[in-house]
Structure formats: C-alpha cells, structure tokens
Amino acid sequence: MNTDDFLWWAKFREVKRPYLENDEYRMIAEIHARVKGHPVDYPCKCNPKRIQNMIDDLNLEYEKL
C-alpha cells in the first residue's frame, strides 16, 4: 500500500455510513488490485459480500503498516 493509498484508506475508515459512494467503490477495487497484485476487478454492486471481502483485505493490510 503506497502513501496515497494509505492516506485515502485512513480517511475512508473514518466514514460511518451503510453505503459506498461510486468513487469509493472504484478506489477500493483499484487499491485492492495494487495491493494484491491482480488486474482491477469491479465486482457487481449487487454482491456486497465480495466488496466487503475487499474492504476486509485492505483493512488487514492497513493494520500491518
């Protein structure tokens, strides 16, 4: 996770609401791809479990730093 991603993720974690904005959705997918080393994949928004798994993965990476 680079510095820009880290700072964005820290700010994202402060937001407490039950939904994602479109820009947040895109950033989560893009950061996840960079951190995990795979092509960017934008999961269907109808599948919140997949998006939540990405968020959980990124939280683990964030906490390591």
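Tutor: Let's start with a definition: buried means under 20% relative accessible area, exposed means over 50%, and partly exposed is in between, using a 1.4 Å probe and protein chains only. This is a predicted model, where local features need pLDDT of at least 70, side-chain atom pairs count only at pLDDT 80 or more, and totals for chains, interfaces and linings use all residues. Residues are numbered from 1 along each chain as its sequence is written, and side-chain values use heavy atoms, with hydrogens and water left out.

Student: Okay, why is Asp-41 called partly exposed?

Tutor: Its relative accessible area is 29%, and that falls between 20% and 50%, so the label is partly exposed.

Student: What makes Asp-41 and Arg-50 a salt bridge?

Tutor: A salt bridge needs a side-chain nitrogen of Lys or Arg within 4 Å of a carboxyl oxygen of Asp or Glu. Here the N to O distance is 2.1 Å, so the pair passes. Arg-50 is partly exposed too, at 37%. In general, side chains of opposite charge can pair when their charged atoms come close.

Student: How many salt bridges does that rule give?

Tutor: Seven. Another one joins Glu-24 and Arg-17, at 2.6 Å from N to O.

Student: Which residues are linked with Arg-17 in a network of salt bridges?

Tutor: Glu-21 and Glu-24. Glu-24 has 8% relative accessibility, so it counts as buried, while Arg-17 has 29% and counts as partly exposed.

Student: How do you know that Arg-34 and Asp-5 form a salt bridge?

Tutor: Their closest N and O atoms are 2.8 Å apart, and that is within 4 Å, so the rule is met. The pair links distant parts of the chain, 29 residues apart, with Arg-34 in helix α2 (residues 22-36) and Asp-5 in helix α1 (residues 3-14). Helices are DSSP runs of H or I, at least four residues long, strands are runs of E, at least two long, and both are numbered from the N terminus.

Student: Is Asp-5 buried or exposed?

Tutor: Buried, because its relative accessibility is 4%. Arg-34, at 45%, is partly exposed.

Student: What makes α1 and α2 oblique?

Tutor: They pack at about 135°, with axes 11 Å apart. Axes are lines fitted to C-alpha atoms, for helices over the stretch in contact, and angles run from 0 to 180 degrees between N-to-C directions. Under 35 degrees is roughly parallel, over 145 roughly antiparallel, 65 to 115 roughly perpendicular, and the rest is oblique. About 135° fits none of the named ranges, so the two helices are oblique.

Student: Which residues make the contact?

Tutor: Asp-5, Trp-8, Trp-9 and Phe-12 of α1 meet Glu-24, Met-27, Ile-28, Ile-31 and Arg-34 of α2. Contact means heavy atoms within 4.5 Å.

Student: Why is Tyr-25 called buried?

Tutor: Tyr-25 lies in helix α2, and its 12% relative accessibility is under 20%, so buried is the right word. Not counting residues up to four places away in sequence, Tyr-25 touches Leu-20, Tyr-42, Pro-43, Cys-44, Lys-45 and Ile-51. The C-alpha atoms of Tyr-25 and Ile-51 are separated by 8.1 Å, though these residues are 26 residues apart along the chain.
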